[in-house]
Amino acid sequence: MILFNLAFKNIRRNFYSYFMYFLSMVFSILIYYTFVSIKYSQYALELAGLSTKIDASMGGASIVMIIFSAIFIWYSNSFFTKKRKKEFGLYSMMGVKRRQIGRMFFYENVLMGVLAVIGGIFFGVLLSKLFTMMLMKLMGYNIAVSFVISKEAIFDTLKVFSVLFFVAALQGYYIIYRYKLIDLFKAESKAEKEPKANPFLAVLSVIMVATSYVTAHTLFFMSPIIGMLVTLFLAISGTYVFFSVFMVFLMKISKKNKKRYYKSTKMIATTNLLFRIKNNSRTLATIAVLSATALTAIGFSYSYYYNILPQAKLTNPFSVSYKYQGEEFNRQVKEIIEKNGQKTVFDKKISIINIDADIPAIKNLPSEIYGDGQKRVSVISQSQFNQIAEKIFPGEQVYLDGYTNVIVCDNSYSTVFTEKYEKEILELTNGDEKKELRIYAIKIIQPISTFFSYLPVIVSDDLYRELRHFGDEQNIQCYELNKPLEAGNIIDDIRKILPENVYLGQYYNYYVSLKEAFGVMIFISAFLGIVFLIATGTIIYFKQLTEANEDWRRYVILKNIGVSKKQLKKIISGQMKTIFAVPLIVGLTHASFALAILVRVLGVTLIKPIIMTFTAYTLIYVLFYFLTVSSYTKIVLSHRN
Amino acid sequence: MDTVLTATNLRKVYGSRGNLYAALNSIDLEIEKGEFTAIMGPSGAGKTTLLNIISTIDFPTSGTVMVDGQNISKMNENELSDFRRKKLGFIFQDFNLLDTLTVKENIILPLTLSSVKHTDIERKLNEVSEMLGIKDILQKYPMEISGGQKQRTAAARAVINNPALILADEPTGALDSRSSADLLGCLENLNKTNNSTILMVTHDAFAASYCKRIIFIKDGVLFTELYRSGTRKEFFQKILDVLKTLGGDNSDII
């Protein structure tokens, strides 16, 4: 019991260094609880109207959380144990048995674990309704979520984190048990040598990272798997060498310029950093890589979420479309639309001609690969296309120049993956009759649902009339509603009156399923990202504070020889700026290049969601920076002599 | 001759109501330019308190301290920092060198903080490192050199900005006798050739015997003063005699 009391007192005394660790543990457990509670409430949510399965993705996310928490707890624990070696040495000197010290430390860990689990579950239960509602909102559901305390989720969380903390406690016990007394005393008095930097390695690290950016955009498109492996290897190992060698190298070079180096506090700041960076290089590199991963994941899902509607419209441009069934049927459809309180903003019969065709310059026609395997195109007249464009694709209107020039609409066309055929010849055939046209341009849009058309080709009105005998003309009735994202009922009603073998073109259902899938994805990636961010921020925070506690003497010396408080603060904040900014900048750069690939693959502009993600991430980082600087300064200035 | 330091009626009281303890009790002190002075006294006599007050690290309860014509009791923190950097040089018992800086960088630290031109820095460094005999170790780090070399590095740092007053707190406290003698020789040399004013706190009679003047304090008040005459050996004997009458920690005397 005495040992237990000591353990409790130790936690209270070391509160400042444990506090951030404790908070981020509570936060991790809270997020874990949220994931599993949603997983276990699948059934309840289904009753409330949820149609997608989310338990699998929540299960996957919770496994990621377990792995990450395990690494975080292991890392923090060995860090705190090493930090307190000296204290344990002192106990040993006073005749406390090593087994007792080990036990005391074990109790400490268990106590911390118990408190963190209790805190995490408490806040998890408190916030689970809010988070579940958030998820439903992201998925586009408007269902009422009731406040539930999920026993299974509590039990699951308890089980997982008890094991994690128990293993951590054993690990602490083991560390204590393994040390020799003399080592325990040497813990903090290890003399530091000025780090060396191999200029060759320094340059190599930059080359590696730069090469990874290049391979990401070249090799990846030739052979995705090899490209990805090579890119990841180069980027990650390059990042580690960058922090351990290049940063040191850079600072050593900056020492060469005496004029700058001997100016004011520059010398102290540079040398301090030189030692700091070397000691922290692995942590900083890991943080940069983790940040890049988190940012890419969040950036990707957020961007995709942002682009769901255009994605959904890429195969079906209209709220409602079907093969023309006569005016009487159209009247019924319009009745249904009005009955549901909506109006049409577009209501037209569009004609297309399906014709056998080929583009000799490329192996397959785009529609052949993505469509039903026939070498055919669907010709649409310029005037009809422009009517569609005016309402559906503003700014995309075309004015064809010359008789044989045509424009191809290829929704799967991308400048990287597909064969290029701009300016090539398009051959139309009707038995023995042939017509050669020139592809003037390619548009990445779909003017008619892919179910009614082959590869759409826009031709001049004159040419369209001439091509009527080349193939069979079809009429598609197309509607766009004024509230297309509330078209659920209308679509259901129309389906009821539509003959069974007639296809109903619409993007609403696809939009809804995309929204569900990416709603879950953005929810998971955002929460995981925040956990990563907070955990990495915490690691920097307590590493810096430990250093503050080891290095305060340096600052007292500076104070004694006449460095003002203001200058001290400048030195500290300057140092922290580098420690925080470099991993963040490296992470942001990596993520930008990774996301740039996605931009090319998806063919959509993601600038806005990416900037928003990056800004949010940076803001939280800045918060950690200020927190660290203020705690660091407080520790340093609290010592007088 | 110019007066570098004037302390008038210095009092320093520790503790709170009911349990007061006067570490210094109306001390008056004057030090002229070019003097090499030691403050001696038994443990608890107030030596370090006096030095800390002169160093501007601690503040007197009452009384004034004038250094180089400036009243340091009236300065705010920023002014004090500036003042310490420009007017004072420090040598501490435990060296107080920054282990992340080379010997050279440690020495020139006060100059870089005052943003002196780098060519001037190199010139000054050359001067002091030659005087203190540490030219060969300028590129080394503190952990690679001996205690004596460390203290000479600290001394070089203390003098490089030509301070009005060099303050040394038990500078030989952590050194063996050989290194102590070397360091004291260096300080004596600085005092002679550079006309540096040095005020040193020590309880080592041998160290004190290098000085020109010794102030003895006991229980927070000035006890007596000795001026050097004759050889160092004779002076050393006189110091021992005073210490005997002073009483206190006899074990420290030899």
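## Lysine over aromatic faces

In this predicted model, Lys349(A) is placed over the face of Tyr324(A), at a distance of 4.4 Å from the ring centre. A second arrangement of this kind involves Lys348(A), which lies over the face of Phe346(A) at 5.4 Å from the centre of that ring.

## Aromatic pairs

Searching the whole structure yields 32 aromatic pairs over all chains. One of them joins Phe161(A) and Phe165(A), whose ring centres are 6.5 Å apart and whose planes meet at 40 degrees, so the pair is classed as tilted, given that stacked pairs have planes under 30 degrees apart and edge-to-face pairs over 60. Both residues belong to helix α7 of chain A, which covers residues 151–178, and because Phe161(A) and Phe165(A) are 4 residues apart there, about one helical turn separates them. Phe161(A) has a relative accessibility of 0% and therefore counts as buried, and Phe165(A), at 7%, counts as buried too.

Tyr261(A) and Tyr262(A) likewise make a tilted aromatic pair, with 5.7 Å from centre to centre and 35 degrees between the planes. Tyr261(A) is counted as buried because its relative accessibility is 1%, and the 2% computed for Tyr262(A) places that residue in the buried class as well.

## A cluster of rings

Beyond individual pairs, ring pairs connect Phe580(A), Tyr617(A), Tyr621(A), Tyr625(A) and Phe626(A) into a cluster.

Methods. Residues numbered from 1 in each chain as written. Chains lettered and ligands numbered in written order. Predicted model: local features only at pLDDT ≥ 70, side-chain atom pairs only at ≥ 80, totals over all residues. Heavy atoms only, no water. Phe/Tyr/Trp six-rings, centres within 6.5 Å; stacked < 30°, edge-to-face > 60°. Helix = DSSP H or I, 4+ residues; strand = E, 2+ residues; numbered from the N terminus. Buried < 20%, exposed > 50% of the residue type's maximum accessible area, 1.4 Å probe, protein only. Lys NZ or Arg CZ within 6 Å of the ring centre and 35° of its normal.
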